[in-house]
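Colleague: I'm new to reading structures, and I'd like to know where the descriptions come from. Could you put one up so that I can ask you about it?

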Amino acid sequence: METKNIIIVGVGGQGSLLASKILGDLLLREGYDVKVSEVHGMSQRGGSVITYVRFGDRVYSPVVDKGQADFIVSFELLETARHLPCLKEGGQIVTNTQQIDPMPVITGAAEYPEDLVEKIKAKGVKLDAMDCLSLAREAGSVKAVNIVLLGRLSHYFDIPEEKWQAVLTDNVPPKFLEINRKAFELGRNYQG
Amino acid sequence: MKELMLGNKAIARGLYEAGVCFVSSYPGTPSTEITEEAVKYPEIYCEWAPNEKVAMESAFGASLAGRRSFCAQKHVGLNVAADPLFTMSYTGVNAGMVIVVADDAGMHSSQNEQDSRHYAIAAKVPMLEPSDSAEALVFTKLAYEISEQFDTPVLLKMCTRVAHSQSVVETGERTEHEKPYEKNIPKYVMMPGNAKKRHPLVEERTKKLQEYAETSPLNRVEMGGKALGIITASTSYQYVREVFGQEASVLKLGMTNPLPEKLIRDFAAQVERLVVVEELDPVIEQQVRAMGLEVSGRDMLPGIDEFSQNLIAKAFGKEVPAGAVLEDNIPPRPPVMCAGCPHRGLFYSLKKRGCTVLGDIGCYTLGAVQPLGAMEMTLCMGASISASHGFNKALGKEKAGKVVAVIGDSTFMHSGMTGLANVAYNQSPSTVIILDNSITGMTGHQQNPTTGLNIKGEPAGRIDLEALCRAMGFARVRVVDPYDLAACDKAIAEELAAEEASVIISRRPCALLKKVKHRPPLVVDKDKCIGCKSCMRVGCPALSMKEGKAAVDATLCVGCEVCSQLCPKKAFVSTGEKG
């Protein structure tokens, strides 16, 4: 199988590391060679962060380059727009519609672009946009945005739901399992 | 068992399996997780040392005592520990000793992009470079065998993409390796008479290591198409294989010092065109050229930033996809001080006073970022204090009362104390501010000698910063709460006005620490807010302007109230009881 590429993008502190860990574990259990590349340190302080997940028969590079991502999973709309060049032709975006102002916007040095969802769609890109923050809140915690997104991503995979649930169970603390299960369901079964 | 593992975690697993007993490190991205993972094995004693030099010397002591030992640091950390490294090359080891140096091409979290391979050549010690997690584990174990067989410390070089990528590893069992301590003055006391006898042994050892490199499984040839032959190592190997598959032949070097000259010559003879693909400096390329071989590399590939598959493909004239781009200008999202960061209030006060702030390495370096823009120099660990001393001496009274040094608690313990000793000894009227957030923040919350806890979070010795500064001879030592802007302003004004040197300790724990109880988030009373943007001057990510009025993001705000102290209309209101 040709190597498949996923990038997970967001703002430092949004919980993308757990999402990539669950995804990596699942794909390993499915028998793929897997590489996951993360960024630690200063950019985690509220900066733009990106995690790469690659799987296939044999994966070499740990990073995903321009025009190579089969999926972009995004925690924030501006980050979706920023990383759009990574998407492969025909690739799928799964994005949270939440908007978090970066410091240049907060200080008034720049403006947050308007109508990003429409503009991205106008490029002929397959975009699945949803308010994950509301869905996470409905599940019981605003911190479950990452699992809502993962649930939505699972909708595009040929892997049975119980296998996703099993990996979820092994990767989140038992006391948060119910919330995360619900968050996963809400994402997976979202009717846009 | 097969497992998906971070490169750094795979090294920790390698330490466990190699029977390592002692680990001492100072945290630094991208090396920190090695020691954090190693401490999870009860068989390995682990500690955070005050700096990399102390860590390396401690690890040397453990090796001398007959136990396999280890220390890890980032590239710039090896600058600090270079002193013991160069002479340990002469003494050699008793039990095996391995040193990880983690480079940060691309500067994801560093102040420069230096190439650590120069250290292996300069110190005449072997260097291994894994290209994924599986190799990180295997090479770590092999490094101990090389260390003991050739009587040398071994450098294991990581880079961000190997350290912070997860890939599949196969784990094994631990085996113990203990040696007795034996007194050996000619080997371990490096005074001139003894060192002169050790140096020829170092040169001989390099020759033996060269022979070893010729046949070692660390270096391997993967023959493919013969029109192009690529010599590569580390993460560059992965990009090369991704781009070329079987199209090119590859000499993959796992040991990058010393180089296997015969193996390289044989490989060069089998291919039509020879190229070295290596990040940063042309270290391998220049040595290959010095062998008289025709080779290219740096003429095609950049010596700055990290590589990727597209970058290499393009350099070899292959087409790469461009990807879709929006017409809109996408504003950058630089890192910022967190909401509730205790450094914010202090930097605001320094900016208001028009101070020239000489800074240091840590989260607080973000004090240089707009809208605060309140830091004018950052060089290396500890330089804030020494440089402010020099600055004050050079300008005399001209700039007096305006210059301050700011340094974090962990950085102060790392190498700020010696600079402070210089201020005390050579008497400059310097004002030093220690930003004590009770943790090593930037690298992800490691304990340090001022926190009273060890790497496991258990009670440990605690150095009292106030007592330490007083013992050095500072009469003016005071503590302020950086959430209290009036108190910060008063302390800064008074200490800068004083003719003698002084230390201000700005003390409040990092807002991200689990033990820190946050106050309820604030809300803006829209009837009171006049939209003057006074609060926006502190650069808090929880604040924004919505329809001409200030707005608070309740998911980020921790109720520190630094913004509300700037509001002329008292428009910020707490949403609950104060904790």
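Colleague: Let's start with chain B. What share of the contacts in chain B with a separation of 6 or more comes from residues 24 or more positions apart?

Modeller: It's 75% of them. Keep in mind that this is a predicted model. For chain A, residues 24 or more positions apart make up 65% of the contacts with a separation of 6 or more.

Colleague: What makes you say that the size of chain B agrees with a compact globule?

Modeller: We set its radius of gyration against a rule. A compact globule with 579 residues would come out near 25 Å, and chain B has 27 Å, which agrees. Along the principal axes, its C-alpha atoms fill a box of roughly 80 × 65 × 50 Å. Inside that box are 19 helices and 22 strands.

Colleague: And why is chain A called as compact as a globular protein of its length?

Modeller: Chain A has eight helices and six strands. Its radius of gyration is 16 Å, close to the 16 Å from the globule rule for 192 residues, so the description fits. The box for chain A is roughly 45 × 40 × 35 Å along the principal axes.

Colleague: How do you know which residues count as buried?

Modeller: You count neighbours: a residue is buried if 20 or more other C-beta atoms lie within 10 Å of its own. By that test, 52% of the 579 residues of chain B are buried. In chain A, 56% of the 192 residues pass.

Colleague: What makes α7 of chain B "mostly covered"?

Modeller: The same kind of count, taken over the helix: 14 of the 18 residues of α7(B) are buried. Its length can be checked too. At 1.5 Å a residue, residues 133–150 should span 26 Å, and the end C-alpha atoms are 25 Å apart, which agrees. Just after α7(B), B:Asp151 has a positive phi of about 55°.

Colleague: Now the sheet in chain B with the order β9-β11-β10-β13. Why are β9 and β13 called edges?

Modeller: Each of them has a single partner strand, so one side of each is left without a neighbour in the sheet. The four strands form an open sheet, and the pairing is mixed. From one strand to the next, the twist averages 15°.

Colleague: What makes the pairing mixed?

Modeller: Look at the pairs. β9(B) and β11(B) run antiparallel, joined by four bridges, and B:Arg220 stands opposite B:Lys252 there. β10(B) and β13(B), on the other hand, run parallel with five bridges, and B:Ile230 stands opposite B:Val275. With antiparallel and parallel pairs in one sheet, "mixed" is the word.

Colleague: Why is β13(B) described as largely enclosed?

Modeller: Because four of its five residues are buried.

Colleague: Last one: how do you know that β2 of chain A pairs with β8 of chain B?

Modeller: Two strands pair if there are at least two bridges between them. Two bridges join β2(A) to β8(B), so they pass, and they run antiparallel. In that pairing, A:Val36 stands opposite B:Gln166. The whole contact takes 46 residues from chain B and 49 residues from chain A. On chain B, the elements that each supply at least two residues are β8, α11, α14 and β20. That side of chain B divides into 24 nonpolar, 17 polar and five charged residues.

Note on methods:
Residues numbered from 1 in each chain as written. Chains lettered and ligands numbered in written order. Predicted model: local features only at pLDDT ≥ 70, side-chain atom pairs only at ≥ 80, totals over all residues. Contact = placed C-beta atoms within 7 Å. Nonpolar A, V, L, I, M, F, W, Y, C, P; charged D, E, K, R; others polar. Axes fitted to C-alpha atoms, helices over the stretch in contact; angles between N-to-C directions. Buried ≥ 20, exposed ≤ 12 C-beta atoms within 10 Å, placed from the backbone. Expected span 1.5 Å × (residues − 1). Rg over C-alpha atoms; globule rule 2.2 N^0.38 Å.
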